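Biologist: I should like to understand how the terms used for this structure are justified. May we begin with the vocabulary and then apply it?

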Amino acid sequence: MTKPHWLFFILIGGLAYLFESSLALQTPNRPVIGPISESRIQGLKDEWRILHQDTPTPEQLSALIQSELDHDMLFEFGVGAGLIEGDPVTRMRLTRNMLFLGITDNNSDEELIEKAISLDLHLNDEIIKRRVVQLAGQFLLRRNPPTLPTDTQINKAFVQRYSGIRHPSRYSFYQVYLSPDRAGDAPRLLDRARSQGMDPKMILTTSSPSLLPSELMSVTLDQIRSQLGDLFIDELKNTDLLEQQWLGPVNSQYGVHLVWVTDVNLGAEIQFEDVRSELEYDLRMEARADALARGYAELRKNYEIRLQ
């Protein structure tokens, strides 16, 4: 049996080396972002609970973690792009930190900032981190600017959001409040007010003491509800709201009311010009968010994002 020639082993070794080298070229080392520590994840849960009075769902928590990873990526990118050195806010913050630590050595501001970065002071300062993330986001938007909304898009958004929608109706009225123990006086007092054409401000003097407002001007049903409760609104809806007349008795959770309506403004349909600026702003913000999302996606190609 013929023994393999030593040149055969050299050839095999050379091919293996070339193969591994080609893999290295195809998958270059990229900066690693993540994973998020358990303590940071717990902090995200705690913040969510404070803001929403609830525990985040798995989907919500996943989105929070992805947002944190994106911010870490932006910070890494911003530091590498020299955004710290070129920003007066972060420069002033680093200089202040160095002075606070007593590390000055009579250095110039430039030398202090360079030394602060060499000591990684920027890595542990949340204010600097937020600032760099903000600057990096602005950088991405300059590189991939959002498109401005067109008139066609604004008109389409109006039709989708406001077609057939009316402004809320508004009401102005006086209310005379009678406590539960005086509820039996309401019919007599109402007849007297109607027959004598009593001025509402005059009859207000017969109200029972309370913290309820005696006059409400140009208020919506929701605003009335917040002041006088659901029962008052329900009874008011079942009453013909005639202006400049006494109405009632109207019950509420507080007692009984006599109502003098001074004005009823039934809401008109919302017009395009009423909300154009609002729609344009919303569309600008949506375009900005889309542009940032595209910038994030492009930037992620340069990093290795680790979830675990």
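Modeller: Helices, of at least four residues, and strands, of at least two, are DSSP runs numbered from the N terminus. The model before us is a predicted one. In the chain there are 12 helices and six strands.

Biologist: What makes the place of proline 35 a loop between strand S1 and helix H2?

Modeller: Strand S1 covers 32-33 and helix H2 covers 38-52, and proline 35 lies in the loop between them. A cis peptide bond, with omega of about -5 degrees, joins glycine 34 to this proline 35. Another cis peptide bond joins glycine 248 and proline 249, where omega is about -10 degrees. Proline 249, however, is found in strand S4, residues 246-251.

Biologist: Why is histidine 257 called buried?

Modeller: Buried means under 20% relative accessible area. Histidine 257 has 0% relative accessibility, and therefore it counts as buried. This histidine 257 belongs to strand S5, residues 256-265.

Biologist: What makes the pairing of the side chains of histidine 257 and glutamine 175 a polar contact?

Modeller: A polar contact requires a pair of N or O atoms within 3.5 Å, one able to donate a hydrogen and the other to accept it. The side chains of histidine 257 and glutamine 175 are joined at 2.6 Å, so the value lies within that cut-off. The side chains of histidine 257 and serine 252 are also joined by a polar contact, of 2.6 Å. Beyond its neighbours within four places in sequence, histidine 257 is in contact with residues including Val176, Leu212 and Phe232.

Biologist: Why is glutamate 114 called exposed?

Modeller: Exposed means over 50% relative accessible area. Glutamate 114 has 59%, so it is exposed. Its place is in helix H5, residues 109-118.

Biologist: Why is aspartate 120 called partly exposed?

Modeller: Partly exposed lies between the limits of 20% and 50%. Aspartate 120 has a relative accessible area of 36%, and therefore it is partly exposed. Aspartate 120 is found in the loop between H5 and helix H6 (126-143), and its phi is near 60 degrees, a positive value in a residue other than glycine.

Biologist: How do you know that glutamine 53 is exposed?

Modeller: The relative accessible area of glutamine 53 is 67%, and exposed means over 50%, so glutamine 53 is exposed. Glutamine 53 lies in the loop between H2 and helix H3 (58-80). Its phi is positive, about 55 degrees, although glutamine 53 is not a glycine.

Notes. Residues numbered from 1 in each chain as written. Predicted model: local features only at pLDDT ≥ 70, side-chain atom pairs only at ≥ 80, totals over all residues. Heavy atoms only, no water. Buried < 20%, exposed > 50% of the residue type's maximum accessible area, 1.4 Å probe, protein only. Contact = heavy atoms within 4.5 Å.
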